[in-house]
Structures are given as structure tokens and as C-alpha cells.
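This report is meant to be read beside the sequence and the coordinates. It takes up a covalent link, a helix with its surroundings, and a pocket.

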Amino acid sequence: MKTMNNVAVTALLLALAQSASADATAPDQPIYGHADQCYWETVKVRRGAQPEELSTLPCKRALRDRPLRPKDESIVRYNRGVIERAQGDAEAARASFEKAVDLSRTVDMRNLALAQLAHKQGDYAVAIEQYELLLTATDAGPRVLANGDIIRRNLALATEAERLHALRARTSPPAEIGD
């Protein structure tokens, strides 16, 4: 009788294990959480994946499925911005970076990403604000601190570009109204 119970228990455990592994590999049940999948999409970006190979869907699902802590939501939004920038959607990337910065309590790569994108788009005021924040923050992460010289150079370039833009605006003739 004792052997029969052991056999039955073993069979039941084996059946449960097979059932659990089948559920884990089903297409609608991700092996990893959506936030993890979102991160792995950014790894593809760093490895040089083509834009058509990338997807923001895991990031969208991570934001939609359940409420995240602000820190976690900030990371997911930053990752989504990295993917969107790699896909060439600068406006969506900027919106993601801005939301990530708003949710974050620390100054880090999210601020750097926003600064670089704003600089590239010609929004020098935002770029300067973020570069200055990066340089004066006491809680800046190690990657930000390691790039201090680059940040200072970018700040100088953005400041000069803003000065030239303002100078051109003051010296250009007013547009004619009419024909």
C-alpha cells in the first residue's frame, strides 16, 4: 500500500511539473515578465539590431498589466525610449524619456538620454537644463560621472547653439505680411 501511494504521488508531481512547463512556454504566457522583456529589447539595441527587429510591445504591456512602483515605471519608460529612439521615432522617445525623468528620484542615464535627444532636436533650453542637472547632481550614477567631460562639452555646445539661435532671431529681418 505504501508503494502504491509513493507511485501515485510521484505520478501526480510529474503531471503537475509537465503542466507547469507547458504553461510557461505557451505563447500568451511569457517566460519572463514584460518589464524583463522590455529590458532585453534594449540589449538588442546595444547589440546593433535593426529597427524592424525591435518592439516596444513588452514595454507597453509592462506599463499596462499592473501598477508599477515609480522607480520601476521610470526604468520601463526609459527602456521604451531607448527602443523608440533606435526605431527613429524621436518624438515618442522624448516623451518616454521625459516621463521617465519625471518619475525618477535620482539623476542618471534617463536625464542624459533626454538631454542628448533634446540637443539633437535643437531644444537647447531643455538640453542645457538636463546637462547642468547632471553636472551638479550629488546622486548621479557612476556612468554619468564617468562621462562628465562629454557632458561638459555637450553643455558648452548647446549653450553656444542657443546663443547663436537667439542672435539669428534678433538680427533676421521681420517677415513681410502680404504677397
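The paragraphs below treat the disulfide, then helix H7 and a residue of H6, and then the pocket.

The model is predicted, and every value that follows was computed from its atoms.

**The disulfide**

The structure holds 1 disulfide, which joins Cys-38 to Cys-59 with an S to S distance of 1.9 Å. The angle about the S-S bond is 85°, and the link of Cys-38 and Cys-59 is right-handed. Because Cys-38 belongs to helix H2 (residues 34-46) and Cys-59 to helix H3 (residues 57-65), the pair ties together parts that are 21 residues apart in sequence. As for solvent exposure, Cys-38 is buried, with a relative accessible area of 0%, and Cys-59 also counts as buried, at 0% relative accessibility.

**Helix H7 and Asn-111**

Helix H7 (residues 124-136) has 13 residues and spans 18 Å from its first C-alpha to its last, close to the 18 Å expected at 1.5 Å a residue. Its buried residues are Val-126, Ala-127, Ile-128, Gln-130, Tyr-131 and Leu-134. An α-helix has 3.6 residues a turn, so residues three or four places apart point the same way. What covers the buried residues of H7 includes helix H5 (90-103), helix H6 (109-121), helix H8 (142-146) and helix H9 (148-171).

Which residues does Asn-111 contact, once its neighbours within four places in sequence are left aside? They are Val-101, Thr-106, Gln-130, Leu-133 and Leu-134. Asn-111 is found in helix H6 and is buried, with a relative accessible area of 2%; two of its contacts, Gln-130 and Leu-134, are themselves among the buried residues of H7.

**The largest pocket**

Rolling a probe the size of a water molecule over the atoms shows where empty space is left. In this model the largest pocket holds about 410 Å³ of space, and its lining is made up of 18 residues, of which Arg-46, Tyr-78, Val-82, Met-109 and Arg-143 lie nearest its centre. Helices H2, H4 (70-86) and H6 each supply at least two residues of that lining. The table divides the lining of the largest pocket by residue class.

| Class in the lining | Number of residues |
|---|---|
| Nonpolar | 9 residues |
| Polar | 4 residues |
| Charged | 5 residues |

Helix H2 thus appears twice in this account, as the helix that holds Cys-38 and as a contributor to the lining of the largest pocket, while H6 both helps to cover the buried residues of H7 and supplies at least two residues of the lining.

Note on methods:
Residues numbered from 1 in each chain as written. Predicted model: local features only at pLDDT ≥ 70, side-chain atom pairs only at ≥ 80, totals over all residues. Heavy atoms only, no water. Helix = DSSP H or I, 4+ residues; strand = E, 2+ residues; numbered from the N terminus. Expected span 1.5 Å × (residues − 1). Buried < 20%, exposed > 50% of the residue type's maximum accessible area, 1.4 Å probe, protein only. Contact = heavy atoms within 4.5 Å. Disulfide = S-S within 2.5 Å. 1 Å grid on protein atoms, 1.4 Å probe; cavity = no way out; pocket = protein on both sides within 12 Å on 5 of 7 lines; lining within 4 Å. Points joined across faces, edges and corners; volume = space filled by probe spheres on them. Nonpolar A, V, L, I, M, F, W, Y, C, P; charged D, E, K, R; others polar.
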